[in-house]
Amino acid sequence: MSVTPINLALQGGGAHGAFTWGVLDRLLEDPEIEIAGISGTSAGALNGAALKAGMVSGGAEAARENLDWLWGQVGAVGDLRLTHWMAAFTPGAGAVARMLEFALPWSLTDAASRIVSPYVYGPFYRNPLERVVERFDFGRVCAHIAPALFVGATNVRTGKVKIFEGDAISTEAILASACLPTLFQAVEVTDPETGEADAYWDGGYTGNPALFPLFAADLPEDIVVVSINPLERNEVPVSSQEIQNRINEISFNASLLRELRAIQMVRDMIAEGQLAGGSMKDVRIHMIADDGVMRELNVATKLVPSPVVLSELKAAGRAAADRFIADVKPRLGRAGTVDLHRLCD
């Protein structure tokens, strides 16, 4: 049996990261796929850390169990299998998204986040994700064995992307990667080498996720992007909720599209003889996504982790990974399967 190594690039998108949970759950079942490197932002960072800790402790099956634990905690449900029986009596994810979007509590909360600073809570403030992230086994998350893990955040003062790796990955680094500035206070992270602290916001603004850490010489050429923010929508948004939702999607796809455009530019320069072949790493890009499912959701379902929606997204992620394994896996190691010209132009 031949094993193909790949890198994973995991987007952030709040509770929609449950789609990535399903993708990872399915990929980990395939003994012919080896995950060599992971770059994750926000929910992608949480997924990556849970997978890495599980792999180090007990291989693929332990990684799957650790991801199940993570999303059970995010959904405030001890065992998300309990939501399966509820599905028959609960509206689908799209209907839940619309109900949340127009519900008065969500509307009030959304409006308040635009005019009330998260700093007004003073000593009563606590990042709600902290209770989950602080329970990660960072001895395993930071272990210097495969898969390599990279966590992206945005430096508030410089506006530049910051990549945490190895021993620098901590509770604070992962919370920083998922820190939406209208909801959470900036996360202070201390550089272990300099002892200096800096403030960070969500990595989605500068790298969602960052691809360049996966260009390292010791990592494979195949990068699989797990996309959870729809790249395209046919309809022009008209309601205030639709407009805010589309702004969110565009903002959180912009950095990824810039990196993909740069990759294609390098390829074009090599093809035209402007760069010597082999002078730069020629990565192969693949993508796992289900924009049809994601277009039914909105910002509300990113921020309100309904257990039933999480369960549906996991199932959608597994189905998308099934399609990837059937259609794309035979081409891994040979050619990229994403038309970057069409995607980025």
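**Close-up views of strands 1, 7 and 8 and of helix 2**

**View 1. Strand 7 is covered on both of its faces.** In this predicted model, Asp222, Val224 and Val226 lie on one side of strand 7 while Ile223 and Val225 lie on the other, and all of these residues are buried. Strand 7, which runs over residues 222-226, is therefore mostly covered, with five of its five residues counted as buried, that is, with under 20% relative accessible area.

**View 2. Strand 7 pairs with strand 8 in the parallel sense.** The pairing of these two strands extends over five bridges. Within this pairing, Asp222 stands opposite Arg284 of strand 8, and Val224 has His286 of strand 8 as its bridge partner.

**View 3. Strand 8 is largely enclosed by the rest of the structure.** Strand 8 is made up of residues 284-288, and because four of these five residues are buried, the strand is largely enclosed by what surrounds it in the structure.

**View 4. Strand 1 also pairs with strand 7 in the parallel sense.** Strand 1, residues 4-10, is joined to strand 7 over four bridges, and in this pairing the bridge partner of Leu8 is Val224. Val224 of strand 7 thus appears in this view with Leu8 and in View 2 with His286.

**View 5. Helix 2 bends at Gly58.** Helix 2 covers residues 43-74 and has 32 residues, yet its end C-alpha atoms are only 10 Å apart, whereas a straight helix would reach 46 Å at 1.5 Å a residue. At Gly58, helix 2 bends by about 140 degrees.

Key:
Residues are numbered from 1 along each chain as its sequence is written. This is a predicted model: local features need pLDDT of at least 70, side-chain atom pairs count only at pLDDT 80 or more; totals for chains, interfaces and linings use all residues. Side-chain values use heavy atoms; hydrogens and water are left out. Buried means under 20% relative accessible area, exposed over 50%, partly exposed in between (1.4 Å probe, protein chains only). Two strands pair if DSSP finds at least two bridges between them. The expected span of a helix is 1.5 Å times one less than its number of residues. The bend at a residue is the angle between axes fitted to the seven residues ending there and the seven starting there.
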